[in-house]
Amino acid sequence: MTFTPGDKYKTFAPIDLPDRQWPSVVIDKAPIWCSVDLRDGNQALIEPMGHERKLRMFRHLVELGFKEIEVGFPSASQTDFDFVRFLIDEGEIPEDVKIQVLTQAREELIRRTFDSIRGSKQAIVHLYNSTSTLQRRVVFDLDKVGIKQIAIEGTKLVRQLADEMPETHVQMEYSPESFTQTEMDYACEVCTAVMNIWKPTEDNKIIFNLPATVEVASANIYADQIEWMHRNLPDRHLILLSLHPHNDRGTGVAAAEFGIMAGADRVEGTLFGNGERTGNVDVVNIAMNMYTQGVDPKLDFSNINEVVRTVEYCNQLPVHPRHPYGGDLVFTAFSGSHQDAIKKGFSALKKSNSELWEIPYLPIDPADLGRNYDAVIRVNSQSGKGGVAYLLEEDYGIELPKLLQVELSKVVQGIADATGKELSSASIFEVFESEYLNAAGDVEFVDHQTTIDPKAPERRKLTATIKHAGAETVVEGVGTGPIDAYMSALTDKYNLDLKVNDYREHTTGFGADAVAVAYVEMRGGDGEPVFGVGRHANIVTASLRAITSAVNRAAT
Ligand SMILES: CC(=O)SCCNC(=O)CCNC(=O)[C@H](O)C(C)(C)COP(=O)(O)OP(=O)(O)OC[C@H]1O[C@@H](n2cnc3c(N)ncnc32)[C@H](O)[C@@H]1OP(=O)(O)O
Ligand SMILES: CC(C)C(=O)C(=O)O
């Protein structure tokens with residue numbers, strides 16, 4: 001007998017919603033964000049955060065712009081309880097920020113939770129109990145009525161304790177935990193029962209948080225479930241519909257985006273998606289996705305490196321180098337065709353007067369995340385001429401002609417292939433220097449003088465001091481200009497079969513630091529191009545050096 005996965009796992013049944021609206025919705029505003037780093041994220045850490053790490057995370061979340069922060073599960077641990085007390089007693093909570101605390105629907109835990117928030121101006125008390133078919137059977141051994149009763153009893157106590165604490169504005173959040181594995185009509189029935197006890201108002205809406213506690217189906221099914229609840233919950237205007245996706249199938253972000261399209265008002269998640277198993281949904285990812293669509297996410301990730309550092313410190317877990325938006329390598333192209341396109345994209349953007357960000361392979365401007373362009377292009381054996389040229393231009397102001405790019409890139413590629421390593425911009429410049437600027441050969445340019453040829457005033461006479469194999473000698477030539485005259489002098493001396501085919505120059509740097517860079521392309525009898533490059537503060541000297549470089553290179 002052969003085993004098939006279908007013997008062990010069953011397909012998730014689709015939701016019956018033929019007139020679903022969410023696929024056509026465009027997200028045009030940020031949801032209410034709630035960070036659960038200090039609770040769901042924290043409960044998944046190898047070493048949960050202590051006070052110092054919690055405080056650092058809390059302050060950072062406030063700086064980023066979170067207005068709702070689940071600060072812990074105060075009835076679960078003394079650390080969490082004391083932390084909530086510290087925030088309240090030490091006045092750490094800004095006026096416009098609400099702390100949120102989670103509790104199971106159990107009397108002693110709810111009471112302890114209320115003790116933790118005493119004295120706070122406002123707080124969200126988050127009550128949960130699991131409603132899924134599986135948990136009803138396996139964990140609670142209760143039927144639908146029994147499970148609903150847990151929610152009802154819990155809510156009654158929350159209502160009572162909130163009424164006894166009028167100095168604190170208590171907002172209630174209820175999660176039918178494992179919602180996505182619960183029948184929709186039953187989830188709605190339980191939420192309705194909770195609502196009837198809590199009695200939300202326009203000024204104090206109830207939050208119904210609908211978690212994909214474990215992500216067991218594709219993101220479109222989550223959206224259908226959210227749209228179903230959005231349409232079927234009573235008094236929708238008194239409800240804030242909240243998402244709490246996990247990422248077991250790796251589609252937590254898609255699920256959250258579809259969920260917002262399906263009518264959700266609020267999203268709970270963590271920075272870079274830390275959380276149980278494969279994590280909670282990554283809030284940085286969703287927020288920056290919105291940003292790249294021109295929507296203000298109302299969270300500030302303009303210093304993403306700081307966010308990464310804080311998260312890594314607090315969670316004691318690394319952020320992957322390929323993690324969307326935050327990873328070290330996400331703005332780096334190693335491959336040749338990407339580098340070529342990025343380089344062209346930057347030049348086109350510079351030339352256009354458009355504000356619109358349009359660079360191939362870079363869906364977002366790294367500067368918007370506080371990253372510079374240093375890492376955009378890095379060179380290894382996968383790279384091409386565009387990458388090499390980009391680095392020399394960006395870091396050394398060297399604007400290589402196209403054919404020279406091809407030639408140099410072959411040399412660089414050879415080294416990268418042989419070493420199997422990345423080449424830094426400094427080592428590429430070293431290659432360029434030894435290959436062109438200091439090209440090995442018998443001829444060394446020392447100095448020159450030009451005078452007007454008295455017999456033909458439109459022509460230049462050039463006298464150059466060169467070293468041949470170390471010995472100084474003087475050569476003379478006449479031509480239309482210094483380049484022509486120097487070529488003529490060297491051709492006479494060495495009987496060269498070379499012609500200047502192309503010549504370019506540009507300056508790098510400004511003012512007193514300005515330096516000219518000259519490029520010559522020569523062709524010999526075989527028609528093959530040979531390049532030479534020279535650099536000097538004086539443009540004529542740079543050109544003569546470039547010719548010397550090409551002559552030496554042609555001889556090798
Ligand atoms: C999906 C989520 O992330 S939910 C949040 C999960 N987070 C955590 O659990 C972290 C913090 N939790 C803890 O430290 C502990 O679980 C505590 C302190 C809250 C409770 O500890 P304990 O009472 O020792 O035990 P435990 O959590 O195992 O309790 C399970 C019991 O509570 C019941 N229970 C579990 N969740 C709930 C709930 N939300 N509401 C009511 N009862 C619940 C279980 O059915 C079980 O009952 P039983 O003992 O009659 O079988
Ligand atoms: C408590 C609930 C919201 C939860 O963390 C989950 O279902 O993942």
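## Where the annotated site sits

Which residues does the UniProt annotation "binding site" cover? The unreviewed entry lists Asp 40, His 244, His 246 and Asn 280. These residues span 241 residues in sequence, yet no two of their C-alpha atoms are more than 10.3 Å apart, so they gather at one spot. Keep in mind that this is a predicted model. The same kind of record, again unreviewed, gives residues 31-305 as "domain: Pyruvate carboxyltransferase". That span is 44% helix and 19% strand, and its end C-alpha atoms are 24 Å apart.

## The two histidines

Let's take His 244 to start with. It belongs to strand β7 (residues 239-245). Is His 244 buried or exposed? It is buried, because 28 other C-beta atoms lie within 10 Å and the cut-off for buried is 20 or more. Setting aside neighbours within four places in sequence, His 244 has contacts with Ser 175, Asn 209, Leu 210, Pro 211 and Glu 268.

His 246 is in the loop between β7 and α9 (252-261). It counts as buried too, with 24 C-beta neighbours inside 10 Å. Leaving out residues up to four places away in sequence, His 246 touches a list that includes Ala 212, Thr 213, Val 214 and Glu 215. Also among its contacts are Gly 275, Glu 276, Arg 277, Gly 279 and Asn 280, and Asn 280 is itself one of the annotated residues.

## Overall shape

So what does the whole chain look like? The protein chain has 17 helices and 14 strands. Its C-alpha trace spans about 110 × 65 × 40 Å along the principal axes. The radius of gyration is 34 Å, while a compact globule of 556 residues would come out near 24 Å.

Of the 556 residues, 43% count as buried. Among contacts with a separation of 6 or more, 64% are between residues 24 or more positions apart.

## The nonpolar core

The largest nonpolar core has 141 residues. Val 71, Ile 226, Val 267, Val 284, Tyr 486, Ile 547 and Ala 550 have the most contacts inside it. Helix α17 (residues 539-555) supplies the largest share of this core, with seven residues.

Val 284 gives a close-up of the packing. Beyond its neighbours within four places in sequence, Val 284 is in contact with Leu 271, Phe 272, Phe 301, Val 307, Tyr 325 and Gly 326.

## Helix α16 and strand β4

Tyr 486, one of the core residues just named, is also on the list of buried residues of α16. The others on that list are Pro 482, Ile 483, Ala 485, Met 487, Ala 489 and Leu 490. What do the buried residues of α16 pack against? They pack against β9 (443-453), β10 (456-468), β11 (471-479), β12 (498-508) and α17. As for length, the 13 residues of α16 (residues 482-494) should span 18 Å at 1.5 Å a residue, and the end C-alpha atoms are 18 Å apart, which agrees. Right after the helix comes Asn 495, with a positive phi near 55°.

Strand β4 (residues 122-130) has eight of its nine residues buried, so it is largely enclosed by the rest of the structure. It pairs with strand β3 (residues 98-104) in the parallel sense over six bridges. In one of these pairings, Gln 100 has Ile 124 in β4 as its bridge partner.

## Positive phi and a partly exposed valine

Two loop residues are worth a look on the backbone. Ser 178 is not a glycine, yet its phi is positive, near 55°. Ser 178 is in the loop between β5 (169-177) and α7 (184-198), and it is buried, with 23 other C-beta atoms within 10 Å. Lys 199 also has a positive phi, about 60°, without being a glycine. Its loop runs between α7 and β6 (206-212). Is Lys 199 buried or exposed? Lys 199 counts as exposed, because it has 11 C-beta neighbours inside 10 Å and the exposed class takes 12 or fewer.

Finally, Val 431 in helix α15 (residues 425-437) is partly exposed, with 17 other C-beta atoms within 10 Å. Not counting residues up to four places away in sequence, Val 431 touches Val 411, Val 412 and Ile 415. Val 431 and Leu 408 are 23 residues apart in sequence, and their C-alpha atoms are 8.4 Å apart.

Note on methods. Residues numbered from 1 in each chain as written. Chains lettered and ligands numbered in written order. Predicted model: local features only at pLDDT ≥ 70, side-chain atom pairs only at ≥ 80, totals over all residues. Core = buried A, V, L, I, M, F, W, Y, C linked by C-beta atoms within 7 Å. Helix = DSSP H or I, 4+ residues; strand = E, 2+ residues; numbered from the N terminus. Contact = placed C-beta atoms within 7 Å. Rg over C-alpha atoms; globule rule 2.2 N^0.38 Å. UniProt positions renumbered as here; feature names shortened; annotations may be inferred. Expected span 1.5 Å × (residues − 1). Pairing = 2+ DSSP bridges.
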